[in-house]
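The exercises below are meant to be worked with the sequence and the coordinates open side by side. Please try each task before reading the solution that follows it.

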Amino acid sequence: MLQDLGDTLKTHRWLGILILGVLGVIFAMWGAYGIVDISFGTPNYALKVNGEEVPLATVQQAWQQLQSEYQQQIKGEIPFEQRTAMQQAVMDEFVSATLMRQRAEERGFRVTNDAVIAAYQAEPAFQIDGKFSPAQYTAVLQSNNMTVEEFEQRMRRDLASRELPSQIEASALVTDTE
């Protein structure tokens, strides 16, 4: 069959040129992206939520922390089924948190500077003898390779996304019959 096709193309050279021309036009108008994935390497994100990429390093760090905490509790290796369920739970948590934050941003939830300050001053990791320590605060942030601005921005987003469910509950109207 291929031999017959080759013979036909040799005797009817115009047919071969026509086929190559049509393919050339298709590639020129559509491009190779529609046919072949020409990206190289692996993506640097763990998941994408509504177009927003969640960094791979962030998810890996959360997984490592959860895994080490659980291994300390059970004092041994995590069974395969449990490991798979825990990994899925970590991914679900990031999807949920990202969706909540996106929704809070869409709805225009804002957190005041005083609320951010109160939240991080109440954080036990930044306290010494039950009181907030600015030195401890900067030391912990530096050990996590994070600037004060990055941390406060992250804290602001987290507080806004935590506030969303309570605002929805507060705005729900229920009649006496319901």
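The expected span of a helix is 1.5 Å times one less than its number of residues. This rule is needed in the first exercise, and throughout it should be kept in mind that the model is a predicted one.

**Exercise 1. Compare the span expected for the 28 residues of α4 with the distance between its end C-alpha atoms, and then find out which elements its buried residues pack against.**

Solution. Begin with the position of the helix: α4 covers residues 80-107. At 1.5 Å a residue, its 28 residues should span 40 Å, and because the end C-alpha atoms lie 41 Å apart, the two values agree. Next, look for the residues of α4 that fall under 20% relative accessible area; these are M86, V90, F94, T98, R101, Q102 and A104. An α-helix has 3.6 residues a turn, so residues three or four places apart point the same way. Following the contacts of the buried residues of α4 leads to β1, β2, α3 and α7. Finally, just after α4, G108 adopts a positive phi of about 80°.

**Exercise 2. Place α4 in the whole protein by stating how many helices and strands there are and in what pattern they follow one another.**

Solution. The protein contains seven helices and four strands, and reading along the sequence gives α-α-β-β-α-α-α-β-β-α-α. Of the 178 residues, 17% are buried. Among contacts with a separation of 6 or more, 50% join residues 24 or more positions apart.

**Exercise 3. Identify the largest nonpolar core and the helix that gives the most to it.**

Solution. The largest nonpolar core has 13 residues, and those with the most contacts inside it are V116, Y120, F126, Y137, L141, F151 and M155. At least two residues of this core come from each of α5 (113-121), α6 (134-143) and α7 (148-171), and α7 gives the most, with four residues. Taking Y137 as an example and setting aside residues up to four places away in sequence, one finds that Y137 touches Y120, F126, F132, V148, F151 and E152. A second, separate core has nine residues, including V49, W63, I78 and F94; F94 is also one of the buried residues of α4.

**Exercise 4. For N50 and K75, determine where each residue lies and whether it is buried or exposed.**

Solution. Most residues other than glycine have a negative phi, and most peptide bonds are trans. N50, however, has a positive phi of about 50°, and K75 likewise has a positive phi, near 55°. N50 is in the loop between β1 (45-49) and β2 (52-55), while K75 is in the loop between α3 (56-74) and α4. Exposed requires over 50% relative accessible area; N50 has 65% and is therefore exposed, and K75, with 72%, is exposed as well.

**Exercise 5. Classify S133 and L23 by relative accessibility, and describe the surroundings of each.**

Solution. S133 sits in the loop between β4 (131-132) and α6, and at 12% relative accessibility S133 counts as buried. Apart from neighbours within four places in sequence, S133 contacts F126, Q127 and I128. L23 belongs to helix α2 (residues 13-30) and, at 42%, counts as partly exposed. Together with W14, L18, I19, L20, V22 and I26, L23 makes a nonpolar surface patch of about 700 Å².

Notes:
Residues are numbered from 1 along each chain as its sequence is written. This is a predicted model: local features need pLDDT of at least 70, side-chain atom pairs count only at pLDDT 80 or more; totals for chains, interfaces and linings use all residues. Side-chain values use heavy atoms; hydrogens and water are left out. Buried means under 20% relative accessible area, exposed over 50%, partly exposed in between (1.4 Å probe, protein chains only). Contact means heavy atoms within 4.5 Å. A nonpolar core is a set of buried Ala, Val, Leu, Ile, Met, Phe, Trp, Tyr and Cys residues joined through side-chain atoms within 4.5 Å. Patches are made of residues with over 30% relative accessible area and no salt bridge: like charges are joined within 9 Å, nonpolar side chains (Val, Leu, Ile, Met, Phe, Trp, Tyr) within 5 Å. Accessible areas come from the Shrake-Rupley method with a 1.4 Å probe; for residues, only the protein chains shown count as cover. A salt bridge is a side-chain nitrogen of Lys or Arg within 4 Å of a carboxyl oxygen of Asp or Glu.
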